[in-house]
Amino acid sequence: MRGYEYPLRRLIVMIRIPIRHHAVRAFAALAALLLLALAHSVSAADTELLIVTSSGAHRFHVEMAATPEQRERGLMFRREMAADAGMLFDDGPGEHDVAMWMKNTYIPLDMLFIRDDGTISSVAERAVPESLATIASDGPVRAVLEVNGGTAAKLGIKPGDKVHHALFGNAE
């Protein structure tokens, strides 16, 4: 047995594919690796945004949740998130009534409901982890930004503040 065949055989055994021919076995291992890479690349894209409040400008590194799959998963199953991180849910184009929940979300979150022009219309603070209660916008919005629970109070984020991001056509 050549040296490269043993790790390949272990991978095939680990994914429980009963294969006998070496070429088919190698193809199956390659396919498994490609599936793992694809699963990793499906994660939401990272971007920056700026929230301008009466206390100043606050920069966040956020993941975009633009596809139905990304919006459905959101921040589920995460155990922690950096203080300057978040997830921006794009519900556009246009404005719609939006409702969120905390199913399978393990960290408390603040939800900022944002109009099409980047104005924050309402803030839901410290949403309860794993709650199935709906958290609704106070009217039509384009997007929702989820950040760590307590961030809105700490930074003084409130309705009327502005979010600057390419999504709202006002990126800086």
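This is a conversation between a biologist and a modeller about a predicted model of a protein.

Biologist: What makes up the protein, in terms of helices and strands, and how do they run from the N terminus on?

Modeller: The protein has four helices and nine strands, and from the N terminus on the elements run α-α-β-β-α-β-β-β-β-β-β-α-β. Of its 172 residues, 41% count as buried, which means that their relative accessible area is under 20%. The protein exposes about 10000 Å², and carbon and sulfur atoms supply 58% of that area.

Biologist: How do you know that contacts join residues at least 24 apart in sequence?

Modeller: Two residues are in contact when heavy atoms lie within 4.5 Å, and among contacts between residues at least 6 apart in sequence, 66% join residues that are at least 24 apart.

Biologist: Why is the pair of Arg59 and Glu48 called a salt bridge?

Modeller: The closest N and O atoms of Arg59 and Glu48 are 3.4 Å apart, and a salt bridge needs a side-chain nitrogen of Lys or Arg within 4 Å of a carboxyl oxygen of Asp or Glu, so the pair qualifies. Arg59 lies in strand β2, residues 56-65, and Glu48 in strand β1, residues 46-53, so the salt bridge ties together parts that are eleven residues apart in sequence. The structure holds six salt bridges, and this pair is one of them.

Biologist: Why are Arg59 and Glu48 called partly exposed?

Modeller: The term covers residues between 20% and 50% relative accessible area; Arg59 has 47% and Glu48 has 39%, so both values fall in that range and both residues are partly exposed.

Biologist: What makes Arg142 and Asp116 a salt bridge, and where do the two residues lie?

Modeller: Their closest N and O atoms are 3.2 Å apart, and because the cut-off is 4 Å, the pair counts as a salt bridge. Arg142 lies in the loop between β7 (135-136) and β8, while Asp116 lies in the loop between β5 and β6, so the pair ties together parts that are 26 residues apart in sequence. Arg142 has a relative accessible area of 12% and is therefore buried, the cut-off being 20%, whereas Asp116, at 32%, counts as partly exposed.

Biologist: Which residues are joined into one network by salt bridges that share partners?

Modeller: The network joins Asp90, Asp116 and Arg142 through salt bridges that share partners.

Biologist: How do you know that Asp161 is buried, and where in the chain is it found?

Modeller: Asp161 is found in the loop between α4 (151-155) and β9 (162-164), and its relative accessible area is 6%, which is under the 20% cut-off, so Asp161 counts as buried. Leaving aside neighbours within four places in sequence, Asp161 is in contact with Val52, Thr53, Ser54, Gly118, Thr119, Ile120 and Gly156. The C-alpha atoms of Asp161 and Ile120 are separated by 5.5 Å, although the two residues are 41 residues apart along the chain.

Biologist: Why does the pair of Asp161 and Lys158 count as a salt bridge?

Modeller: The closest N and O atoms of Asp161 and Lys158 are 3.5 Å apart, which is within the 4 Å that the term requires, so the pair counts. Lys158, with a relative accessible area of 36%, is partly exposed.

Biologist: What is said about phi of Asn104 and of Arg126, and are these residues buried or exposed?

Modeller: Phi of Asn104 is near 55° and phi of Arg126 is near 50°, each a positive value in a residue other than glycine. Asn104 lies in the loop between β4 and β5 (109-114) and, at 24% relative accessibility, counts as partly exposed. Arg126 is found in strand β6, residues 120-127, and its relative accessible area of 52% is over the 50% cut-off, so Arg126 is exposed.

Biologist: How much space lies in the largest pocket, and which residues are closest to its centre?

Modeller: About 250 Å³ of space lies in the largest pocket. It is lined by 18 residues, of which Arg71, Glu72, Phe89, Met100 and Trp101 are the closest to the centre. The elements that give two or more residues to the lining are α3 (68-73), β4 (99-100) and β8 (143-148).

Biologist: What classes of residue form the lining of the largest pocket?

Modeller: The lining has ten nonpolar, two polar and six charged residues.

Technical notes: Residues numbered from 1 in each chain as written. Predicted model: local features only at pLDDT ≥ 70, side-chain atom pairs only at ≥ 80, totals over all residues. Heavy atoms only, no water. Buried < 20%, exposed > 50% of the residue type's maximum accessible area, 1.4 Å probe, protein only. Areas by Shrake-Rupley, 256 points an atom, 1.4 Å probe, with all protein chains shown as cover. 1 Å grid on protein atoms, 1.4 Å probe; cavity = no way out; pocket = protein on both sides within 12 Å on 5 of 7 lines; lining within 4 Å. Points joined across faces, edges and corners; volume = space filled by probe spheres on them. Nonpolar A, V, L, I, M, F, W, Y, C, P; charged D, E, K, R; others polar.
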